[in-house]
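Good morning, and thank you for coming. Today I shall walk you through one protein structure, and I ask you to keep the view in front of you as I speak.

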Amino acid sequence: PSLRANAPVGHKPNVLAIVDQIDGRESFQTFCAQIHETLNQAYGRQDYPFGRLIVDLGLEETGPGFPLFDIALALDSIHDQMPELQNYITILFNNSEQGLRAQLTYQQELFQLETIEQFAGRFLNLLNDALANPGKQIRDLEILTPQERYEILNQWNRTHVSYAENQCAQQLFEGQVARTPN
């Protein structure tokens with residue numbers, strides 16, 4: 001949405017679709033600087049109507065989603081209210097006495113609550129690691145909880161299989177053929 005400071009009275013908010021490349025080798029701090037620059041450039045062009053951009057790009061509204069992006073992020077202290085969009089997920093950040101808080105809304109017909117809770121938890125893990133370690137490369141930031149990491153690396157990855165150690169591969173193959181000939 002457009003910046004409050006630049007919006008005249010009665011101005012309808014305009015959506016700014018921000019597209020940036022993410023290079024996993026960059027630090028989170030470098031990525032944030034890149035996003036800052038992209039946002040500054042986008043705010044310089046915020047008067048271009050978003051609806052016209054969709055038409056000019058030849059995009060169509062398909063289903064419940066929005067034709068250019070699925071997730072919307074906004075910070076209430078600098079953005080107008082979000083216009084009614086049919087994006088899949090919206091995360092609205094606001095500053096409070098307790099710190100930065102977020103409100104996540106989503107299309108309930110597309111996502112189960114458990115899926116959104118997992119998404120939100122992983123997003124928080126990613127943000128916490130990035131904020132604690134801004135010099136860390138993006139590809140090294142933690143997205144999984146310690147429990148999820150353990151489950152994936154240890155429980156799901158149990159590949160040990162008992163087999164007859166006194167037989168060669170061809171003998172094991174012949175035995176399998178004998179047990180299941182068809």
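Let us begin with the strands. β1 and β2 run parallel, and 5 bridges join them. If you look for one of these links, take I71, whose bridge partner in β2 is I89. Before going further, I should state that this is a predicted model.

The next pairing is that of β2 with β3. These two strands run antiparallel, and 8 bridges join them. A hairpin of 2 residues leads from β2 to β3. Two bridges may help you to find your way: L92 has Q103 in β3 as its partner, and N95 has L100 in β3.

Please stay with the strands for one more residue. A74 lies in strand β1. Is A74 buried or exposed? A74 has a relative accessible area of 4%, and because anything under 20% counts as buried, A74 is buried. Its C-alpha atom is separated by 9.5 Å from that of A102, although the two residues are 28 residues apart along the chain.

With the strands in mind, let us step back to the chain as a whole. The protein chain has 5 helices and 3 strands. Their order along the sequence is α-α-β-β-β-α-α-α. The chain comprises 182 residues, and buried residues make up 20% of them. Consider next the contacts between residues at least 6 apart in sequence: 42% of these join residues at least 24 apart.

I turn now to helix α1, which covers residues 28-43. Does the length of α1 agree or disagree with what its 16 residues lead us to expect? At 1.5 Å a residue, α1 should span 22 Å, and its end C-alpha atoms are 22 Å apart, so the two values agree.

Which residues of α1 are buried? They are F28, F31, T38, A42 and Y43. Viewed down the helix axis, the buried residues of α1 fall within an arc of 130 degrees, and therefore they line one face of the helix. The face turned away from that buried side carries Q29 and H36, which are exposed. Among the parts that cover the buried residues of α1 is α3.

A general point is useful here. An α-helix has 3.6 residues a turn, so residues three or four places apart point the same way.

We can carry that thought over to the aromatic rings. How many aromatic pairs does a search of the whole structure find? The search finds 3. In one of them, the rings of Y88 and F111 have centres 6.4 Å apart and planes at 75 degrees, so this pair is edge-to-face. Y88 lies in the loop between β1 and β2, and F111 in the loop between β3 and α3; the pair therefore ties together parts that are 23 residues apart in sequence. Y88 is partly exposed, at 24% relative accessible area, and F111 is partly exposed as well, at 23%.

Another pair is that of F119 and F123. Their ring centres lie 6.1 Å apart and their planes are at 5 degrees, so this pair is stacked. Both residues belong to helix α3, where they are 4 residues apart, about one turn of the helix. F119 is partly exposed, with a relative accessibility of 28%, and F123 is partly exposed, with 23%.

I would also draw your attention to a cluster. Y88, Y106 and F111 form one aromatic cluster.

Finally, a word on cysteines. How many disulfides does the structure hold? The number is 0. Two cysteines that you may wish to locate are C32 and C168: C32 is partly exposed, at 34% relative accessible area, and C168 is partly exposed, at 42%.

Let me close by returning to the main points. The strands are joined in two ways: β1 to β2 in parallel, and β2 to β3 antiparallel. Helix α1 has its buried residues along one face, with α3 included in what covers them. The aromatic rings include an edge-to-face pair between two loops, Y88 with F111, and a stacked pair within α3, F119 with F123. Thank you for your attention.

Conventions: Residues are numbered from 1 along each chain as its sequence is written. This is a predicted model: local features need pLDDT of at least 70, side-chain atom pairs count only at pLDDT 80 or more; totals for chains, interfaces and linings use all residues. Side-chain values use heavy atoms; hydrogens and water are left out. A disulfide is a pair of cysteine sulfur atoms within 2.5 Å. Buried means under 20% relative accessible area, exposed over 50%, partly exposed in between (1.4 Å probe, protein chains only). Rings of Phe, Tyr and Trp (its six-membered ring) pair if their centres lie within 6.5 Å; planes under 30 degrees apart count as stacked, over 60 as edge-to-face and the rest as tilted. Two strands pair if DSSP finds at least two bridges between them. The expected span of a helix is 1.5 Å times one less than its number of residues. The arc is that of the directions from the helix axis to the C-beta atoms. Contact means heavy atoms within 4.5 Å.
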